[in-house]
Amino acid sequence: ELKYKVTSLATGQHSSGSDHYQGKGVDLSTEQNNYVNMENRLNELKENGSPIGHIQCEQKGKIVECGSGNVDHIHVSYN
């Protein structure tokens with residue numbers, strides 16, 4: 001079981017032109033801090049027809065490896 005929460009849809013600080021402001025982006029965090037598992041599950045959804053376009057782990061707005069231990073959220077963009 002993977003528990004997560006939505007930390008941002010159109011709120012928060014994002015770069016101008018961000019997909020958040022177009023209604024096509026969401027940031028998620030997980031209590032278990034298991035972002036590799038979350039990334040894998042999101043990729044499974046993407047491969048099975050979900051409109052997910054891009055998945056990346058971030059820390060304070062900068063891209064980091066999901067397994068680095070430095071992740072504060074995972075960003076998902078939708079087509």
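1. Where is Ser 50 placed? Ser 50 sits in the loop between α1 and β3. In this predicted model, Ser 50 has a relative accessibility of 22% and so counts as partly exposed, given that buried means under 20%. Its C-alpha atom is 9.3 Å from that of Asn 79, a residue 29 places away in sequence.

2. A word on confidence before going further. The protein chain has a mean pLDDT of 88, with 95% of its residues at 70 or more. Among the elements, α1 has the highest mean pLDDT, 95, and strand β1 (residues 4–8) the lowest, 89. As a general reminder, predicted coordinates should not be read in detail where pLDDT is low.

3. The core is a good place to look next. The largest nonpolar core holds 13 residues, and those with the most contacts inside it are Leu 28, Tyr 35, Met 38, Leu 42, Cys 57, Ile 74 and Val 76. Two or more residues of this core come from each of β2 (25–30), α1 (35–47), β3 (52–59) and β5 (73–78). In soluble globular proteins, nonpolar side chains tend to be buried together.

4. Ile 74 deserves a closer look in your viewer. Setting aside neighbours within four places in sequence, Ile 74 is in contact with Val 26, Asp 27 and Leu 28, with Tyr 35, Met 38, Glu 39 and Leu 42, and with Ile 55, Gln 56, Cys 57 and Cys 66. Leu 28, Tyr 35, Met 38, Leu 42 and Cys 57, among these partners, are also listed with the most contacts inside the core.

5. Val 36 belongs to helix α1. With 34% relative accessibility, Val 36 is partly exposed, because its value falls between the 20% and 50% cut-offs. Beyond residues up to four places away in sequence, Val 36 touches Cys 66 and Gly 67. Asp 19, by contrast, is 23 Å from Val 36, C-alpha to C-alpha, with their positions 17 residues apart in the numbering.

6. Which residues does Gly 53 touch, not counting those up to four places away in sequence? They are Lys 46, Ser 77, Tyr 78 and Asn 79. Gly 53 lies in strand β3 and is partly exposed, at a relative accessible area of 27%. The C-alpha atoms of Gly 53 and Tyr 78 are 4.9 Å apart, although these residues are 25 apart in sequence.

7. Please check the backbone at Lys 60, in the loop between β3 and β4 (62–64). Phi of Lys 60 is near 50 degrees, a positive value in a residue other than glycine. Most residues other than glycine have a negative phi. Lys 60 has a relative accessible area of 73%, and is therefore exposed, the cut-off being over 50%.

8. Lys 62 is in strand β4. Lys 62 is also exposed, with a relative accessible area of 61%. Between the C-alpha atoms of Lys 62 and Asn 33 there are 17 Å, and the two residues are 29 apart along the chain.

9. Finally, the surface. Tyr 4, Val 6 and Leu 9 make up a nonpolar patch there, with about 320 Å² of accessible area together. Val 6 is found in strand β1, the element with the lowest mean pLDDT. Its relative accessible area is 46%, so Val 6 is partly exposed.

Notes:
Residues are numbered from 1 along each chain as its sequence is written. This is a predicted model: local features need pLDDT of at least 70, side-chain atom pairs count only at pLDDT 80 or more; totals for chains, interfaces and linings use all residues. Side-chain values use heavy atoms; hydrogens and water are left out. A nonpolar core is a set of buried Ala, Val, Leu, Ile, Met, Phe, Trp, Tyr and Cys residues joined through side-chain atoms within 4.5 Å. Buried means under 20% relative accessible area, exposed over 50%, partly exposed in between (1.4 Å probe, protein chains only). Helices (H or I, at least four residues) and strands (E, at least two) are DSSP runs, numbered from the N terminus. Contact means heavy atoms within 4.5 Å. pLDDT is the predictor's confidence in each residue, from 0 to 100. Patches are made of residues with over 30% relative accessible area and no salt bridge: like charges are joined within 9 Å, nonpolar side chains (Val, Leu, Ile, Met, Phe, Trp, Tyr) within 5 Å. Accessible areas come from the Shrake-Rupley method with a 1.4 Å probe; for residues, only the protein chains shown count as cover. A salt bridge is a side-chain nitrogen of Lys or Arg within 4 Å of a carboxyl oxygen of Asp or Glu.
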